[in-house]
Amino acid sequence: MNYYNREEITRPQPDHHVKINNRKEMEINGIKEIDSFDNEEFLLETVMGYLIVRGQNLQLVNLDVDEGIVSIKGKVYDLSYVDEHQQEKAKGFFSKLFR
């Protein structure tokens with residue numbers, strides 16, 4: 001086997017879906033990791049970048065690590081993604097997060 005001419009193996013990226021029911025219940029798949037959460041904000045690492053969920057009385061209802069599914073309930077106010085293309089926004093957010 002020639003190790004210098006190896007072809008890169010590409011794996012299909014898992015799907016990422018966000019389902020919101022009446023701004024009170026939320027199910028998200030394609031989750032890699034939950035970085036932090038409290039009753040007002042969740043920071044989730046997804047296959048599509050970091051997702052910030054903001055709201056009121058947010059609670060983690062279900063976490064399926066094997067399937068990458070998270071269920072959250074509470075009043076959802078805001079969803080936003082932070083990825084490599086938004087370095088300044090990410091730096092600002094993370095610097096506030098880790099003060």
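Here is a short tour of a predicted model, stop by stop. Residues count from 1 along each chain as its sequence is written, and side-chain values use heavy atoms, with hydrogens and water left out. Because the model is predicted, local features need pLDDT of at least 70 and side-chain atom pairs count only at pLDDT 80 or more, while totals for chains, interfaces and linings use all residues.

**Stop one: two rings**

Select Phe37 and Phe42. They form the structure's one aromatic pair (rings of Phe, Tyr and Trp, its six-membered ring, with centres within 6.5 Å; planes under 30 degrees apart are stacked, over 60 edge-to-face, the rest tilted). Their centres sit 5.0 Å apart with the planes at 20°, so this pair is stacked. Now colour by accessibility: Phe42 is buried at 0%, but Phe37 is partly exposed at 46% (buried is under 20% relative accessible area, exposed over 50%, partly exposed in between, using a 1.4 Å probe and protein chains only).

**Stop two: a charged trio**

Next, click on Arg54, partly exposed at 28%. How many salt bridges does the model hold? There are two (a side-chain nitrogen of Lys or Arg within 4 Å of a carboxyl oxygen of Asp or Glu).

Add Glu41: its closest N–O distance to Arg54 is 2.8 Å. This bridge links strand β5 (residues 49-64), home of Arg54, to strand β4 (residues 41-46), home of Glu41, 13 residues apart. Strands are DSSP runs of E, at least two residues, numbered from the N terminus.

Then add Asp78, whose closest contact with Arg54 is 3.0 Å between N and O. Asp78 lies in strand β6 (residues 69-82), so this pair ties together parts 24 residues apart in sequence. Asp78 is partly exposed at 31%. With shared partners, Glu41, Arg54 and Asp78 join into one network.

Key:
Helices (H or I, at least four residues) and strands (E, at least two) are DSSP runs, numbered from the N terminus.
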